[in-house]
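The following exercises concern a ligand site and the backbone around it. Please work through each task with the sequence and structure at hand before reading the solution.

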Amino acid sequence: MGERFPEDFVWGAATASYQIEGAVREGGRGLSIWDAMTQIPGKILNGDTGDVACDHYHRLEEDLDLMVELGLKAYRFSIAWPRIQPDGKGASNPQGVAFYNRLIDGLLKRGIEPWATLYHWDLPLALQTECDGWLNREIVEWFGIYARICFENFGDRVKKWITLNEPWCSSVLGHGIGLHAPGRVDCNEPYVVAHHLILSHAKAVEIYRNEFAAQNGQIGLVNNCDFRFPLTDSAADRAAAERSLEFFLAWFADPVWKGDYPAVMREILGDRLPVFTKAERAMVLGSSDFFGLNHYTTMLASEPEGAREDGEDQHVHLTVDSTWEKTQMDWGVVPAGCRELLKWIDARYDHPIIYITENGCALDEPDVQAALNDTARQEYHRSYLRECRNAIEQGVDLRGYFAWSLMDNFEWSFGYEYRFGLCRVEPETLERTPKASARWYREVIECNGENI
Ligand code: PNW
């Protein structure tokens with residue numbers, strides 16, 4: 001049996017604004033790129049939208065009580081930029097500020113630590129339609145101004161800040177394959193967008209450290225990454241696995257922790273990869289107080305047989321092991337990959353403080369009974385947490401774990417049919433009910449993981 005989790009380990013659950021809030025035309029909120037995306041026929045499964053979502057905007061008190069029922073120590077939520085600045089620029093919207101004040105105060109009153117993400121993909125639509133969104137270098141300044149408004153209004157109480165959620169998704173899914181808003185398909189845009197995302201993250205951190213040091217909080221970036229095991233032990237497959245991790249995670253983490261993009265990306269991409277100026281590099285290097293990681297699954301990497309294909313810059317062949325159990329997303333359940341990824345991060349970035357800011361699974365839950373009896377989800381979390389503990393035992397400085405998600409919600413292009421919640425949200429009535437996994441997670445938190 002492994003070691004214990006550290007005494008002050010942070011046990012939490014996570015959500016994101018567009019996935020749960022609803023009330024998209026209320027409280028002075030401007031539209032976001034996801035409001036536009038969900039209007040395009042064929043983009044979202046079943047034509048679902050975030051118009052109502054979990055109606056969290058109107059059920060805030062009830063949801064805060066739900067968090068108490070789960071015994072959460074921390075809650076990770078995101079602030080909708082278009083609630084704070086409806087057009088992405090200009091003065092703050094008092095009603096938007098008031099909503100997050102109620103959320104933050106409600107958390108603190110219940111002894112739950114707020115972890116606020118500034119950007120979880122709901123870019124103000126005006127910034128996209130009028131200014132090209134993340135393709136425009138000026139967004140670094142706009143994001144900085146938005147971040148400052150958040151620090152000014154909430155930083156007296158929020159001590160854990162996340163700048164961006166998963167810039168890989170905004171870049172690749174949003175501008176490479178068009179699965180996410182703004183739904184663009186291009187082979188070069190992801191690198192431009194990624195560059196501006198990294199600079200925007202660093203700008204927000206610079207502002208926080210220069211102007212709000214007295215608030216005494218921590219601020220960091222959250223990246224998502226799957227793990228890659230080499231398909232075989234051959235040198236070529238091992239190199240492919242490494243290269244794949246570099247194109248996935250080091251793309252965003254190397255600039256922040258090492259000061260530049262990975263060498264392999266610079267070699268393969270040449271002048272398609274933007275270059276940091278000296279001043280930018282200085283701003284980006286060291287701009288994260290902790291390493292935020294969202295992790296769900298693992299794939300097998302091998303050296304492709306044929307020549308490089310267009311749009312496949314990393315040149316890696318990815319497969320899954322047929323014996324792996326799959327979740328509803330078709331993502332393999334591979335807890336050992338979680339441990340190995342934590343060790344990979346620990347080694348490459350010189351032993352950073354790590355938080356797993358998302359981990360969880362979607363399950364096919366056709367009816368209430370199946371949903372409430374979600375033993376497979378419980379097993380998923382248990383098996384991943386065991387490997388987290390093993391990683392800690394092997395020296396990784398993992399300080400916390402957030403389950404994705406507090407409740408079933410709008411799973412982006414997959415709509416409401418893909419459910420990640422520890423709590424069931426009844427489709428018609430929106431009634432919340434803790435699933436078996438939620439009751440189990442409460443016990444985990446109570447005994448600081450001794451029961452996993
Ligand atoms: C994350 N991928 O999204 C997000 O942070 C959440 O909002 C989302 O609900 C959750 O994971 C579950 O999907 C991802 O294709 C979306 O690798 C896609 C990928 C990874 C993460």
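An oxygen atom of the ligand lies 2.8 Å from an N or O atom in the side chain of His 120. The model is predicted: local features need pLDDT of at least 70, side-chain atom pairs count only at pLDDT 80 or more, and totals for chains, interfaces and linings use all residues. Residues are numbered from 1 along each chain as its sequence is written, and side-chain values use heavy atoms, with hydrogens and water left out.

**Exercise 1.** Identify the polar side-chain atoms that lie close to oxygen atoms of the ligand, and state how much of the ligand the protein covers.

Solution. Step one: a polar contact is a pair of N or O atoms within 3.5 Å. Step two: Gln 19 places a polar side-chain atom 2.8 Å from a ligand oxygen, and for Glu 166 the corresponding distance is 3.1 Å. Step three: on its own the ligand has 450 Å² of accessible area, of which the protein covers 91% (Shrake-Rupley method, 1.4 Å probe).

**Exercise 2.** Describe the shell of residues around the ligand by number, class and origin.

Solution. Step one: taking residues with a heavy atom within 4 Å, 17 surround the ligand, and Gln 19, His 120, Glu 358, Glu 411 and Trp 412 are the closest. Step two: by class there are nine nonpolar, five polar and three charged residues, where Asp, Glu, Lys and Arg count as charged, Ala, Val, Leu, Ile, Met, Phe, Trp, Tyr, Cys and Pro as nonpolar, and the others, Gly among them, as polar. Step three: helix H8 (residues 167–175) supplies the largest share, three residues.

**Exercise 3.** Locate the cis peptide bonds at Pro 182 and Ser 405, and the positive phi at Ala 23.

Solution. Step one: helices (H or I, at least four residues) and strands (E, at least two) are DSSP runs numbered from the N terminus. Step two: the bond from Ala 181 to Pro 182 is cis, with omega near 5°, and Pro 182 belongs to the loop between H8 and helix H9 (189–211). Step three: Trp 404 and Ser 405 are also joined by a cis bond, with omega about 10°; Ser 405 is in the loop between strand E11 (398–404) and strand E12 (423–425). Step four: Ala 23, a residue other than glycine, has a positive phi near 50° and is placed in the loop between helix H1 (17–20) and helix H2 (33–37).

Key. A polar contact is a pair of N or O atoms within 3.5 Å; within protein, one must be able to donate a hydrogen and the other to accept it, and residues adjacent in sequence count only if both atoms are side-chain atoms.
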